[in-house]
2 protein chains.
Amino acid sequence: MKVHGKPYRSIWLAEDGWAVGIIDQTRLPHEFVTRRLQSLEDAVRAIRGMQVRGAPLIGATAAYGMSLGMRAEATDSGLDKAYSALIAARPTAVNLRWAVDGMKTLLAPMQPPARAEAAYRRAAEICDEDVEICSAIGEHGLALIGEAWEKKGKDGRLNVLTHCNAGWLATVDWGTALAPIYKAHDAGIPLHVWVGETRPRNQGAGLTCWELGGHGVPYTLIVDNAAGHLMQHGQVDLCITGTDRTTASGDVANKIGTYLKALAAHDNGVPFYVALPGPTIDWTIGDGVGGIPIEERDAAEVTRVAGRTADGGIAAVRIAPEGCAAANPAFDVTPARLVSGLITERGVCQASAEGLRGLFPERG
Amino acid sequence: MKVHGKPYRSIWLAEDGWAVGIIDQTRLPHEFVTRRLQSLEDAVRAIRGMQVRGAPLIGATAAYGMSLGMRAEATDSGLDKAYSALIAARPTAVNLRWAVDGMKTLLAPMQPPARAEAAYRRAAEICDEDVEICSAIGEHGLALIGEAWEKKGKDGRLNVLTHCNAGWLATVDWGTALAPIYKAHDAGIPLHVWVGETRPRNQGAGLTCWELGGHGVPYTLIVDNAAGHLMQHGQVDLCITGTDRTTASGDVANKIGTYLKALAAHDNGVPFYVALPGPTIDWTIGDGVGGIPIEERDAAEVTRVAGRTADGGIAAVRIAPEGCAAANPAFDVTPARLVSGLITERGVCQASAEGLRGLFPERG
């Protein structure tokens, strides 16, 4: 999507055809800084230091990390080294493992001189496939937004609420929850987005606001607490969020607080949609609340808030008493009964076992 | 309640019998600093600068402000001056107006030499009456907590969730929502309190955590987003919040985000109680969502977060892109249907017109 009017992806091949460009997301929203990855080590550092984040983008960066590794040392030991270094960069990232496993399977049988070129070709494919999936999610979501806009009599503006960042910065382009929003904006539907700040890590305030502003989509930041009040007063026409994991029954695990917004949407008759790529469906789990383990993160994310200081630096301030105990569950589960529909690359379905089986019959 | 083991009220008469002590709440939770108010001007500054906050405490401080004014200049013009200066300090504070109106009515007919002593006496009464109301709320709430503890088979600990700060710092002592919690803790019930940080102003993280810690009540800070997840997993036995205004039908306006917590409590079968002094019931309004105007506050409260820096100072950091638009509704309305009961100084009643009329028959 656009940054200062210029189209970007979140990762790209440099003009020289071998170095890899990324946006340093640790500097957002305060500074737009791009980095040039020139080695396996650069790629590992970018992943570990969270200059790139979001499952699809981590996978794409890892694929290019393998390519950079092969360019430097295409031997079997070089392949093993690149594989191990990337796997260790973010050990729990599913897309990272998927990308480097696939790369290793592809490259290992090849003669070393052929490996680098094949790796670059596959990395580019991984990126293009992700863009294709997100773009398809966007098209299917656009149809929903178009219906909502018709239903509103094309009057005023269409208010969409989102949570966290499921935008192009988390993928290669388009995003998941934000893809329909970008498509609708580009199609001329006068959208306005309510962005929940998404405590504790503030990805809404930092990343989603920055993304939307850069592409020219009107938005307003709110604290997470304000979502229900806006819905009570008819200020939200529909909600779209992303999800980290969807169960076979249509329950969705997503950033902490999603469940509260879904409850408010349900209480006020506001449609609540969840956008996801098919591969994030976990067909092995039925009950999301009981079955999905929830990561407990560092208490310091709750007791401290990072941002830009008056003198232009970036610092953290402590908002709680010294020694304050804090709990920090990173995700919650929204039961399928609160979800109006799931937007996938294959279309929109009911958040239910039947709905999902209809779109993914090969899993039935 | 206790601070570092020593009992305090939020406002007190100094040992010399004329100066007034307060806690500078702008320094909390980072520093415990008391201030000595020695003049009308000191009292005005303390109110305007929010060194004292919370409706009952503002009223009490204004009453002592009138006393300090009378001590310096007990003439009719001195009375007018004190009245006008205090009213202008926080123009929309209902308790402030109530306190200074009452003082003026009391003092105006008196001879000037009698005014100062009468003012101090009345200010002390206002404080004691507030403590009595909050203590009675505490006793009635204690009974509810005791029942919940019995129902849990006195097993483990009783987990209570609260929002914002409706504690002794907002009143003269005990608080409203926190009064039952202090009474239960003092009675030996093993309570643990989940404190929602309460974005955007973080009164939960800053004030409620500090209060509870000072009195020795176990607590854990969470982001507001985490409340639903904890309830889904049986980690909350009951909720108690305060309210700024209750309608004749039992709807409650309280700090933004209260509605979302009430929705989650309802969805998970967790009792949700609201504690309030009778005088905060607005008998003129039926429907809270339609009838209670909601204050829209400065966007900078959303885009910036204040706290303690690494070097010990207090500073604000910006968490959103420069120029980011933000909306900041300060309160929301929780419909009576989501409220399990109202805890007042006269007892506990259903959140309904019938329930309230039963406790306040003189308003029926």
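In this predicted model, a convenient place to begin is chain B, where four strands form an open sheet in the order 13-10-11-16, with mixed pairing. The edges of this sheet are held by strand 13 (281-282) and strand 16 (331-334) of chain B, each of which pairs on one side only. Strand 16 of chain B is joined by four bridges to strand 11 (residues 252-255) of chain B, and the two run antiparallel; within strand 16 of chain B, Phe331(B) is the residue that stands opposite Lys255(B). Helix 9 (residues 258-267) of chain B packs on this sheet, where it touches strand 11 and strand 16 of chain B, and its direction makes about 30° with that of strand 16 of chain B.

Elsewhere in chain B, strand 12 (residues 272-275) has both of its faces covered, since Phe272(B) and Val274(B) on one side and Tyr273(B) and Ala275(B) on the other are all buried. This arrangement of residues can be read against a general pattern: in a regular strand the side chains alternate between the two faces of the sheet. Strand 12 of chain B pairs in the parallel sense with strand 9 (residues 238-241) of chain B over three bridges, and it also pairs in the parallel sense with strand 17 (residues 341-344) of chain B, again over three bridges. Tyr273(B) takes part on both counts, for Ile240(B) stands opposite Tyr273(B), and Tyr273(B) stands opposite Gly341(B) in strand 17 of chain B.

Strand 4 (residues 20-23) of chain B is likewise covered on both faces, with Val20(B) and Ile22(B) on one side and Gly21(B) and Ile23(B) on the other, all of them buried. Strand 3 (residues 11-13) of chain B pairs with strand 4 of chain B in the antiparallel sense over three bridges, and these two strands form a hairpin with six residues between them, in whose turn Gly17(B) has a positive phi of about 85°. Strand 4 of chain B also pairs with strand 5 (residues 34-37) of chain B, in the antiparallel sense and over four bridges. Val20(B) serves as the bridge partner of Leu13(B), while in strand 5 of chain B the bridge partner of Val20(B) is Leu37(B).

Turning to chain A, the helices can be followed from helix 1 (residues 40-48), whose axis comes within 9 Å of that of helix 3 (residues 76-87) of chain A and crosses it at roughly 15°. Helix 1 and helix 3 of chain A are therefore roughly parallel to each other, and helix 1 of chain A passes helix 3 of chain A in a right-handed crossing. At this crossing, Leu40(A), Glu41(A), Val44(A) and Ile47(A) in helix 1 of chain A meet Lys81(A), Ala82(A), Ala85(A) and Leu86(A) in helix 3 of chain A.

The axes of helix 1 and helix 2 of chain A come within 8 Å and cross at roughly 160°, which makes helix 1 of chain A roughly antiparallel to helix 2 of chain A. The crossing of these two helices of chain A is left-handed, and the contact is made by Leu40(A), Ala43(A) and Ile47(A) of helix 1 with residues of helix 2 that include Ile58(A), Ala62(A) and Gly65(A). Helix 2 (residues 55-72) of chain A has 18 residues and reaches 26 Å from its first C-alpha to its last, close to the 26 Å expected at 1.5 Å a residue; this helix is mostly covered, with 14 of its 18 residues buried.

Helix 5 (residues 112-151) of chain A has 40 residues, which at 1.5 Å a residue should span 58 Å, and the 59 Å between its end C-alpha atoms agrees with this. Just after helix 5 of chain A, Gly153(A) takes a positive phi of about 70°.

Chain A also contains an open sheet of seven strands, in the order 8-7-6-9-12-17-18 and with mixed pairing. Strand 8 (219-222) and strand 18 (347-349) of chain A stand at its edges with a single partner strand each, so one side of each is left without a neighbour in the sheet. Strand 7 (residues 191-196) of chain A is joined to strand 8 of chain A by four bridges, and these strands run parallel; in strand 8 of chain A, Ile222(A) is the bridge partner of Gly196(A). Helix 7 (residues 203-215) of chain A packs on the sheet, touching strand 6 (158-162), strand 7 and strand 8 of chain A, and its direction makes about 165° with that of strand 7 of chain A.

Notes. Residues are numbered from 1 along each chain as its sequence is written. Chains are lettered from A and ligands numbered from 1 in the order in which they are written. This is a predicted model: local features need pLDDT of at least 70, side-chain atom pairs count only at pLDDT 80 or more; totals for chains, interfaces and linings use all residues. Side-chain values use heavy atoms; hydrogens and water are left out. Two strands pair if DSSP finds at least two bridges between them. Contact means heavy atoms within 4.5 Å. Axes are lines fitted to C-alpha atoms, for helices over the stretch in contact, and angles run from 0 to 180 degrees between N-to-C directions. The expected span of a helix is 1.5 Å times one less than its number of residues. Buried means under 20% relative accessible area, exposed over 50%, partly exposed in between (1.4 Å probe, protein chains only). Angles under 35 degrees count as roughly parallel, over 145 as roughly antiparallel, 65 to 115 as roughly perpendicular and the rest as oblique. A crossing is left-handed if the near helix is turned anticlockwise from the far one by less than a right angle, and right-handed if clockwise.
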